[in-house]
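The exercises below each set a task and then work through a solution in steps. Please keep the sequence and the coordinates open while reading.

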Amino acid sequence: MKKGKQETILFSCLGSTDPVRGEHDGAMLHIARHYKPDRILWYMTKEMRVIGEKDNRYALSIEYLKQQCPGYEPEILPPCYGEVEDASDFDAFYDVFEEELRELSRKYPDAEILVNLSSGTPQMKTTLALLSFTLQFPIRAIQVKNFERRSGTTERTNSKTYDLEYELELNEDAQPDAPNRCSEPKLMMIQRDKQRAQIQSLLQRYDYEALLSMGRSLPESSRTLIRHLAYRSAYNIKEAVLEAKKISRIDLFPANMTQAPTYREYRELSEYILLLKLMQRTQRYTDLLIRLNPLVIRLQKGWLCKNGVDFSQLGYVDSQRREWMDPFKIQQFDPALANWLDGKYGGFRACTLNIIFCNYMIEWIEKSETETGTFFQKLARLNQERNESAHSLTNVTEEEIQRILGYSSAQLIKKLIALLAEIYPEHYREELFSIYDTANSRIMESL
């Protein structure tokens, strides 16, 4: 392969016009002549294998080509010998050809596969045309026009009187001024571009469920990653982790100190923020506000714990894992705090941990005027808006979020990430919070 040139592999069926017919190249040889693929893989039916083994005609035709093109030394890969009994059966070839093409792509991931659409039975040609359109790795479909410009009338290569040496010696396509009869169907290229655009549009909307429904149209190398993203974007972390274990080329959960006891809490909160970020990116603001409340409470608690508040002294967790703030325990822990909460509430009663209680605790430790304290107060206002949205038919808009917070929903997500990094600096890695875009780029690169 020449330096700087992308490696190419020709996948070609062999038919009754190969390798030379009527003193002109058959399609396989003509593509090899003009595209000079680095490797060639032949698919032979039982009939073509028997014919080819009589005089070694396919290999000999490449030897002649090498003599006519000094410096060209293609590698002939071990042929694929077909076992299909009925060569007119469309379905019989689909799985075989698909597996062969996928295996070439797996073995030579940086190569472009050239597919001969002009050799073999009509069923073979149609199947290869379909696969050239649907498979999402570098494939170029090539047709070769008949040199007679009509249905062939010359003797076919499976005739008993076919003279290989004569055909090779007098091959007119070996002449320097011989025309190039290869062409690349434009319609297929347009369709592939349309499909790529569809995939890109779904990625931009982070609609991984819709992507999965495209099935075989997706690059095989990206299907597991898309399944992972579909689970992850639905906050099904268990299944997302199982899929991630099958993927080695990208760190899907970048974090530090993953064995520390606090990592599980960090994982849950960081994934939840990623979910909110997708809602913000796709302008699902009402969903964002409805989902925000439980995250805010856990961030408040984490920040308060980091500032010395021991919640085990203030309440208990019930059998349903709900955390209760208990006036009796608070009284035992700190009578002054109990009296202060009575004044704030007009008589404090047991309640589940909530945004208002946490903000009162932030005020108690004299942190309400800090940047984080002010942020939590704004989130309390946003939570009140959430409650109103949950009982109305109106959607929350970007303008309403900006009115309440004084900044955009994108800034809100950034502040949530920064707060998480402040609470869990030992685990935080910035690249985690762009993981969906990183994964989308990998998927687009595979098209």
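Helices here are DSSP runs of H or I with at least four residues, numbered from the N terminus. The model is a predicted one, and every value quoted in the solutions is computed from it.

**Exercise 1.** Determine how the axes of helix H12 and helix H15 are arranged, and describe the contact between the two helices.

Solution. Two packed helices are described by the angle between their axes and the distance between the axes. Step one is to take both quantities for H12, residues 285–306, and H15, residues 355–364: the axes come within 9 Å and cross at roughly 25 degrees. Step two is to classify the angle, for which the cut-off is that angles under 35 degrees count as roughly parallel; H12 is therefore roughly parallel to H15. Step three is the handedness, and H12 passes H15 in a left-handed crossing. Step four lists the partners: from H12 they are Asn293, Val296, Ile297, Gln300, Trp303 and Leu304, and they meet Ile355, Cys358, Asn359, Met361 and Ile362 of H15. Sorted by class, the contact of H12 with H15 has eight nonpolar residues, three polar ones and no charged ones.

**Exercise 2.** Follow Val296, which lies in helix H12, and decide whether this residue is buried or exposed.

Solution. Since buried means under 20% relative accessible area, the value of 1% for Val296 places this residue among the buried ones. Leaving aside residues up to four places away in sequence, Val296 touches Ile355, Phe376 and Leu379. A further pair worth locating is Val296 and Leu269, whose C-alpha atoms are 9.9 Å apart in space while the residues are 27 apart in sequence.

**Exercise 3.** Carry out the analysis of Exercise 1 for helix H4 and helix H5, and state which orientation results.

Solution. The axes of H4, residues 90–107, and H5 come within 9 Å and cross at roughly 45 degrees. H4 and H5 are therefore oblique to each other, and H4 passes H5 in a right-handed crossing. On the side of H4 the contact is made by Phe90, Phe93, Tyr94, Phe97, Glu98 and Leu101, and on the side of H5 by Gln123, Met124, Thr126, Thr127, Leu128, Leu130, Leu131 and Thr134. These residues of the contact of H4 with H5 divide into nine nonpolar, four polar and one charged.

**Exercise 4.** Which kind of aromatic pair do Tyr345 and Phe348 form, and to which cluster do they belong?

Solution. The structure holds 17 aromatic pairs. In the pair of Tyr345 and Phe348 the ring centres are 5.0 Å apart and the planes stand at 45 degrees, so the pair is tilted. The accessibility is then taken residue by residue: Tyr345 counts as partly exposed at 30% relative accessibility, whereas Phe348, with a relative accessible area of 9%, is buried. Widening the view, Tyr345 and Phe348 form one aromatic cluster together with Trp340, Phe357, Tyr360 and Trp364.

**Exercise 5.** Examine the backbone at Pro19, Met257 and Arg321, and locate each residue in a loop.

Solution. Begin with Pro19, which is joined to Asp18 by a cis peptide bond with omega of about 0 degrees; Pro19 is found in the loop between strand S1 (8–13) and strand S2 (20–21). Turn next to Met257, which is not a glycine and yet has a positive phi of about 50 degrees. Met257 sits in the loop between helix H10 (237–244) and helix H11 (263–281), and at 51% relative accessibility counts as exposed. Finally, Arg321 has a positive phi of about 70 degrees although it is not a glycine; its place is in the loop between strand S10 (315–317) and strand S11 (323–325), and with a relative accessible area of 76% Arg321 is exposed.

**Exercise 6.** Find the surroundings of two further residues, Leu117 and Ser409.

Solution. Leu117 is found in the loop between strand S7 (112–116) and helix H5 (122–134), and with a relative accessible area of 8% this residue is buried. Its C-alpha atom is 8.4 Å from that of Ala27, although Leu117 and Ala27 are 90 residues apart in sequence. Ser409 is found in helix H18, residues 409–423, and counts as buried at 0% relative accessibility. Not counting residues up to four places away in sequence, Ser409 touches Gln280, Tyr285, Glu398 and Ile401.

Methods: Residues numbered from 1 in each chain as written. Predicted model: local features only at pLDDT ≥ 70, side-chain atom pairs only at ≥ 80, totals over all residues. Heavy atoms only, no water. Axes fitted to C-alpha atoms, helices over the stretch in contact; angles between N-to-C directions. Parallel < 35°, antiparallel > 145°, perpendicular 65-115°, else oblique. Left-handed = near helix turned anticlockwise from the far one by under 90°. Contact = heavy atoms within 4.5 Å. Nonpolar A, V, L, I, M, F, W, Y, C, P; charged D, E, K, R; others polar. Phe/Tyr/Trp six-rings, centres within 6.5 Å; stacked < 30°, edge-to-face > 60°. Buried < 20%, exposed > 50% of the residue type's maximum accessible area, 1.4 Å probe, protein only.
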